[in-house]
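Grab your viewer and work through a few short exercises on side-chain packing. Try each task yourself before reading its solution.

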Amino acid sequence: MTDLDEIKGKIDLVDFIGRYLPMKKAGTNYKGLCPFHMEKTPSFMVSPDKQIWHCFGCGRGGDVFKFVMEKEGVGFPEALQMLAEQTGVQLSKVPQAGIDTRKVLMNINEAAAKFYEKTLMETNEGRAAKEYLVARGLTPATLAEFRIGFAPRAGRALVEFLIRKGAKEDDIEKAGLGVRKGNFLYDKFVGRVMFPLWDSLGRVVAFTGRVLDPKALPKYLNSPETQLFHKSELLYALHLAKSAIQQEGRAVLVEGQMDTISSHQAGVKNVVGISGTALTLPQLQMLSRYGKEIVLSLDADAAGGEATMRALELANQFDMNVRVVLLGDHKDPDSMIKESVENWRAAVGAAVPVMDFYFEVAAKKYDIRQIDHKKQLTRELLAVITKIADPIERDHYIKRLARLVDVEPAILYDALKKSLKPVRNFQRPAADKGEELSPTWLEEQVVMLPMLNSHLIPRLLEAGRKVKWASGLANTIYDKLDAWYTAGATFRSEAFLNNLPEPTKTQALEMMLVMEQSYANVAGEDIEKEMNFYLELLLSRSTTTHRQELAAAIAEAEARQDQARVAELLKELNQL
């Protein structure tokens with residue numbers, strides 16, 4: 001038994017997913033509202049027999065590992081480790097030394113967070129910090145939700161606390177919470193309001209400390225890079241925002257902790273913070289797991305403008321849309337929220353496409369009646385247009401710019417060609433683009449239909465020998481089905497599917513759940529007609545592909561003047 005099988009054997013998928021969303025029994029399955037997209041009618045289904053889930057609305061689905069990956073926004077290794085810890089399974093192929101070190105540092109950070117929280121709430125020196133936070137408009141509930149604390153002014157208060165808890169000085173230093181001066185280890189953070197920084201699972205990995213004295217420097221102090229904390233990979237409060245991002249399909253990006261916290265308190269919870277304006281590829285990659293649109297609400301300065309440009313360029317790689325919140329005269333979201341929560345909500349809802357934002361800014365910045373202003377405006381907007389990967393969208397804005405500066409579009413196209421560099425773009429699979437009856441979809445339908453009616457197996461096996469399988473999944477199922485049937489074993493679809501190797505097994509079980517629902521009221525003869533129709537299409541495509549291959553081989557043989565090979569290939573071609 002593999003580690004994966006052992007973990008799955010200890011988890012009931014209905015109970016596990018039931019922790020995240022309410023579900024009701026629907027026949028042999030359970031149904032609820034999908035946690036990954038907005039819907040009013042439940043289309044999210046879980047099969048207790050197959051231990052598989054699938055949403056008929058957004059198309060996501062899989063096993064317990066896939067659910068954790070989608071819901072928590074983590075990769076397979078992280079999902080495997082999480083579920084192994086929950087079920088008490090010792091992973092056989094994971095070096096425990098690295099895991100143990102991370103656990104030690106996690107425990108130290110968590111203990112530090114509790115220490116800072118208690119200092120804020122229960123000490124005299126924490127009272128001033130709490131008063132400052134309340135004056136900034138934060139409620140007690142918000143302070144608790146974001147676990148805001150205070151670092152005492154005594155230079156070794158945290159270090160001594162952690163040592164009493166059993167932590168080693170070297171580990172405190174590795175966690176980024178201590179700095180060594182001579183023979184002694186002192187607190188990294190002293191006399192500061194403390195904001196814990198979390199990973200996507202809500203585990204404390206680092207801290208940001210803010211001074212109370214406006215004259216003290218630096219105003220903000222971050223933990224150093226550690227085994228747990230990499231600044232370029234972290235989004236502040238993602239663990240609190242990811243459910244809202246999934247539901248709404250978009251994430252709002254703001255700068256720093258206070259803008260994030262104020263927005264959550266105001267009820268706009270699909271908001272995450274970036275440190276400064278240094279938006280990075282790993283951050284965009286993380287967000288792309290939850291939604292396909294990012295909404296920027298960064299400071300209206302040069303750095304904010306550069307971050308917006310950077311976001312547009314990076315978003316192309318994940319096929320994400322970019323919008324911008326217009327803050328008007330407000331310098332940041334926090335100041336807008338203080339004036340009016342409703343205005344902030346309305347501004348987020350009315351966020352404009354990023355190119356519209358650039359056009360609006362440029363129109364206010366330049367007087368296009370002056371030729372030098374017109375030239376500068378054109379250069380700036382062309383520089384942004386070059387970042388657009390989609391040719392239709394790029395063409396739209398080229399024509400818009402041509403109308404704005406009153407020139408022929410051809411002139412701008414010529415200028416664009418000189419500056420345009422290839423932009424990498426994430427390509428969705430053909431099936432996601434809505435192409436009808438792709439070879440892969442056809443093949444997977446064909447091999448799964450006999451799971452509903454086993455008397456169709458001989459027809460599939462006979463015709464399938466002439467099919468050039470494009471889908472690795474379909475090919476594996478066909479080969480296993482051929483071997484099973486040839487051996488003369490009694491066929492039961494559930495037993496057959498459960499004996500498939502991973503990941504084919506999980507994919508096939510999910511497809512089976514979908515097909516059982518899709519064909520629930522379809523007569524057997526109609527299923528047979530549909531399979532025969534699909535087989536004819538596949539055979540026709542396979543024949544066409546084979547003809548093309550033979551034609552290429554004949555041309556190659558003729559170039560070598562190999563007449564015997566040419567005659568052999570022509571004979572094969574004529575037999576098709």
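## Charges over rings

**Exercise 1.** Find what lies over the face of Phe359.

*Solution.* Start at the ring centre of Phe359 and look across its face: Arg400 lies there, at 4.4 Å from that centre. Keep in mind that this is a predicted model. Now try Tyr186: the charged end of Lys181 sits over its ring, 5.6 Å from the centre. With a cut-off of 6 Å to the ring centre, Lys181 makes the list.

## Rings with rings

**Exercise 2.** Classify the pair formed by Phe146 and Trp198, then place both residues in the chain.

*Solution.* A search of the whole structure turns up 24 aromatic pairs. In the pair of Phe146 and Trp198, the centres are 6.4 Å apart and the planes make an angle of 55 degrees, so call it tilted. Next, location: Phe146 is in the loop between α7 and β6, while Trp198 belongs to strand β9, 52 residues apart, so the pair links distant parts of the chain. Last, accessibility: Phe146 is buried because its relative accessibility is 0%, and Trp198 is buried because its value is 3%.

For another ring group, look up the cluster that ring pairs build from Phe16, Tyr20, Phe36, Phe44, Trp53 and Phe67.

## A helix and its neighbours

**Exercise 3.** Work out which residues of helix α10 are buried and what they pack against.

*Solution.* Walk along residues 238-248: Leu238, Ala241, Lys242, Ala244, Ile245 and Gln246 are buried. Their packing partners are α3, β12, α11, β13 and α12. Finish just past the helix, at Gly249, where phi is positive, near 75 degrees.

Terms used:
Residues are numbered from 1 along each chain as its sequence is written. This is a predicted model: local features need pLDDT of at least 70, side-chain atom pairs count only at pLDDT 80 or more; totals for chains, interfaces and linings use all residues. Side-chain values use heavy atoms; hydrogens and water are left out. Buried means under 20% relative accessible area, exposed over 50%, partly exposed in between (1.4 Å probe, protein chains only). Helices (H or I, at least four residues) and strands (E, at least two) are DSSP runs, numbered from the N terminus. Contact means heavy atoms within 4.5 Å. Rings of Phe, Tyr and Trp (its six-membered ring) pair if their centres lie within 6.5 Å; planes under 30 degrees apart count as stacked, over 60 as edge-to-face and the rest as tilted. A charge sits over a ring if NZ of Lys or CZ of Arg is within 6 Å of the ring centre and within 35 degrees of the ring normal.
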